[in-house]
Amino acid sequence: MDELVNHVVERWQAYAITAAFALPLVVMLWRHIAPVLLPVLEIMLYMAGIQIVLHGLVRAVRWFKLETAMYHTDRADPGWEVPLAEFWNLAAYNPEWLFYAQGGALAIVTFIVLRCRPLRPQKPPTPRKLKRKRVPAYRQAGASRG
């Protein structure tokens, strides 16, 4: 995390100039960008949540394995780890299959998001045209009941 903060601090002018040019384009083209950008952001949020939950689950299982070891056996640390910061680094995953399980979760989340929220804008349903009821003559405006 410190590397990321140092990177941003060293290059803040470049990020500011890029944001100054990109922000007006995003505002002007929002209707065309939103159907693509919003599902991508949604997938990123879901995957961040899955990453955090998986990290906590692996830490809990590792702790449980260490604490429930029998007294006559050595308490050897299995070294199970799921990284939070460098999630793309395959070497940081101790059981290597967790990386591939996360790739499968990414595929499932992407399918669900794209299936439930299509990329093309949807038209809102139009209300049915109401049938006009014939108003009796004595109820029309200005008519007397006589």
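Buried means under 20% relative accessible area, exposed means over 50%, and partly exposed lies in between. The structure in these exercises is a predicted model.

**Exercise 1.** Decide whether tyrosine 93 and phenylalanine 99 are buried, partly exposed or exposed.

*Solution.* Step 1: tyrosine 93 has a relative accessible area of 3%. This value is under 20%, so tyrosine 93 is buried. Step 2: phenylalanine 99 has a relative accessibility of 27%. This value lies between the two cut-offs, so phenylalanine 99 is partly exposed.

**Exercise 2.** Classify the ring pair of tyrosine 93 and phenylalanine 99.

*Solution.* Step 1: the ring centres are 5.3 Å apart, and a pair needs centres within 6.5 Å. Step 2: the planes stand at 65 degrees, which is over 60, so the pair is edge-to-face. Step 3: ring pairs also bring in Tyr100, linking Tyr93, Phe99 and Tyr100 into a cluster.

**Exercise 3.** Find the aromatic pair formed by phenylalanine 87 and tryptophan 88, and describe its geometry and exposure.

*Solution.* Step 1: the whole structure holds 3 aromatic pairs. Phenylalanine 87 and tryptophan 88 form an edge-to-face pair, with 5.2 Å centre to centre and 80 degrees between the planes. Step 2: phenylalanine 87, at 44% relative accessible area, is partly exposed. Tryptophan 88, at 58%, is exposed.

**Exercise 4.** List the residues of the largest nonpolar core, then the contacts of leucine 98.

*Solution.* Step 1: the largest nonpolar core has 5 residues, namely Leu54, Val58, Val82, Tyr93 and Leu98. Step 2: neighbours within four places in sequence are set aside; leucine 98 is then in contact with Leu54, Val58, Val82 and Tyr93. Step 3: in soluble globular proteins, nonpolar side chains tend to be buried together.

Definitions and conventions
Residues numbered from 1 in each chain as written. Predicted model: local features only at pLDDT ≥ 70, side-chain atom pairs only at ≥ 80, totals over all residues. Heavy atoms only, no water. Core = buried A, V, L, I, M, F, W, Y, C linked by side-chain atoms within 4.5 Å. Buried < 20%, exposed > 50% of the residue type's maximum accessible area, 1.4 Å probe, protein only. Contact = heavy atoms within 4.5 Å. Phe/Tyr/Trp six-rings, centres within 6.5 Å; stacked < 30°, edge-to-face > 60°.
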